[in-house]
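Please look through the sequence and the model below before reading on. The paragraphs that follow lead from the interior of the structure to its strands, its aromatic pairs and some details of its backbone.

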Amino acid sequence: MQGLYLVTPNWDHTQRLLTVTEQALQAAQGCQPGIAMLQYRHKHASPALRLEQASALRQLSRQYGVPFIVNDFVELAVQVGADGVHLGASDAALAAVRAQLGPDAIIGASCYGELTLALAAQAAGASYVAFGGFYPSRVKQYAVTTAPAILDQARQQIHLPQVVIGGMTPALAAPLVARGAHMVAAISSVYLAADLAAGPVADDAAPDATQLAAGAAAVQQAVGEFLQLFRPAPVV
């Protein structure tokens, strides 16, 4: 597991969500590393909208060969045939979810800025651990308390891929990747790149053709800049 960990925003307009997601997946096609995982995260959707969006994203992830993860909702993950789930500290117990989903499921664990949580997740059968937030986020509201040094500690004790989250831009993520982060989770830096290029769109609205065209180039650039972090510097 290495590369960009793409996480969806709380958008109610399904077609807009699918369009920008596919732009990102297309931008990473053929790249090594590329988009490591796609996570569906919508905290405020109705159960019906969640099922609609997760099902459509699952099909899209299959088309591009990217593992698909559902945030929090284990039964939804089972229902749509997701590759796994991502669990927070207040969600279902990781060991129980591992027993339910089996040995092949991808199960991620939010560990915030606490190495003890990462060690517990590792012991319970997690597939990867996520640390953060490292920086202020436009999407998640939390205290920014995670110190980059936790990656140095994790490198010695955690034998799982490590994700960094929270306010990630390519520039802010670069020193964390240099310290050993395997994946960078991004929401706004990819999904809102189109808004910066073509003007803002309401969360429940569809962009017009001009906005879509401008947005595709911006999304491609954002994805490319994240993936560049994982490529070795050229030898001169």
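In this predicted model, the largest nonpolar core has 64 residues, and the residues with the most contacts inside it are F68, F131, F134, M168, V190 and V223. The element that gives the largest share of this core is α1, with 7 residues. Apart from this core lies another one, made of 13 residues, and among them are Y5, A36, I69 and V163.

From the cores the path leads to the strands, beginning with β1. Strand β1, which covers residues 3–7, pairs with β2 in the parallel sense over 4 bridges, and within this pairing V7 has Q39 as its bridge partner in β2. The two strands also belong to a β-α-β unit, formed by β1, α1 and β2, and this unit is right-handed. Strand β2 (residues 35–40) is largely enclosed by the rest of the structure, because 6 of its 6 residues are buried.

On to the next strand: β2 pairs with β3 in the parallel sense, here over 3 bridges, and Y40 stands opposite V70 in β3. Between these two strands the chain passes through helix α2 (residues 47–64), in a β-α-β crossover that is right-handed.

The description can now return to β1 and turn to another of its partners. Strand β1 and strand β8 pair in the parallel sense over 4 bridges, with L6 standing opposite A186 in β8. Strand β8 is in turn joined by 2 bridges to strand β7 (residues 162–164), and β7 and β8 run parallel; in this pairing V184 of β8 is the bridge partner of V164. To get from β7 to β8 the chain crosses through helix α7 (residues 170–178), and this β-α-β crossover is right-handed. How are the two faces of strand β8 (residues 183–186) placed? Both faces are covered, since M183 and A185 on one side and V184 and A186 on the other are all buried.

A further feature of the interior is the way in which aromatic rings meet. The count of aromatic pairs comes to 2. One of them is formed by Y5 and Y128, an edge-to-face pair with 5.6 Å from centre to centre and 70° between the planes. This pair links distant parts of the chain, for Y5 is in strand β1 and Y128 is in strand β6 (residues 128–131), 123 residues apart. Y5 counts as buried because its relative accessibility is 1%, and Y128 counts as buried because its relative accessibility is 0%.

W11 and Y191 also form an aromatic pair that is edge-to-face, with 5.5 Å centre to centre and 90° between the planes. W11 lies in the loop between β1 and α1 (14–28), whereas Y191 lies in helix α8 (residues 188–191), so the pair ties together parts that are 180 residues apart in sequence. Both W11 and Y191 are buried. The face of W11 has another neighbour, for R16 lies over it at 3.6 Å from the ring centre.

Y5 takes part in a polar contact as well: its side chain meets the side chain of Q39 at 3.0 Å. Q39 is found in strand β2, and Q39 counts as buried because its relative accessibility is 4%.

The last stop is the backbone, where some bonds and angles deserve a look. Which peptide bond involving P33 is cis? The bond from Q32 to P33 is cis, with omega near -5°, and P33 has its place in the loop between α1 and β2. The peptide bond from G132 to G133 is cis too, with omega near 15°, and G133 is found in the loop between β6 and α6 (149–157).

Turning to phi, D72 has a positive value of about 75° although D72 is not a glycine. D72 lies in the loop between β3 (68–71) and α3 (74–80), and D72 is buried because its relative accessible area of 17% falls under 20%. Y112, likewise a residue other than glycine, has a positive phi near 55°. Y112 is found in strand β5 (residues 106–112), and Y112 counts as partly exposed because its relative accessibility is 33%.

Terms used. Residues are numbered from 1 along each chain as its sequence is written. This is a predicted model: local features need pLDDT of at least 70, side-chain atom pairs count only at pLDDT 80 or more; totals for chains, interfaces and linings use all residues. Side-chain values use heavy atoms; hydrogens and water are left out. Buried means under 20% relative accessible area, exposed over 50%, partly exposed in between (1.4 Å probe, protein chains only). Two strands pair if DSSP finds at least two bridges between them. A crossover is right-handed if, with the strands pointing away from the viewer, the path from the first strand over the helix to the second runs clockwise. Rings of Phe, Tyr and Trp (its six-membered ring) pair if their centres lie within 6.5 Å; planes under 30 degrees apart count as stacked, over 60 as edge-to-face and the rest as tilted. A charge sits over a ring if NZ of Lys or CZ of Arg is within 6 Å of the ring centre and within 35 degrees of the ring normal. A nonpolar core is a set of buried Ala, Val, Leu, Ile, Met, Phe, Trp, Tyr and Cys residues joined through side-chain atoms within 4.5 Å. A polar contact is a pair of N or O atoms within 3.5 Å; within protein, one must be able to donate a hydrogen and the other to accept it, and residues adjacent in sequence count only if both atoms are side-chain atoms.
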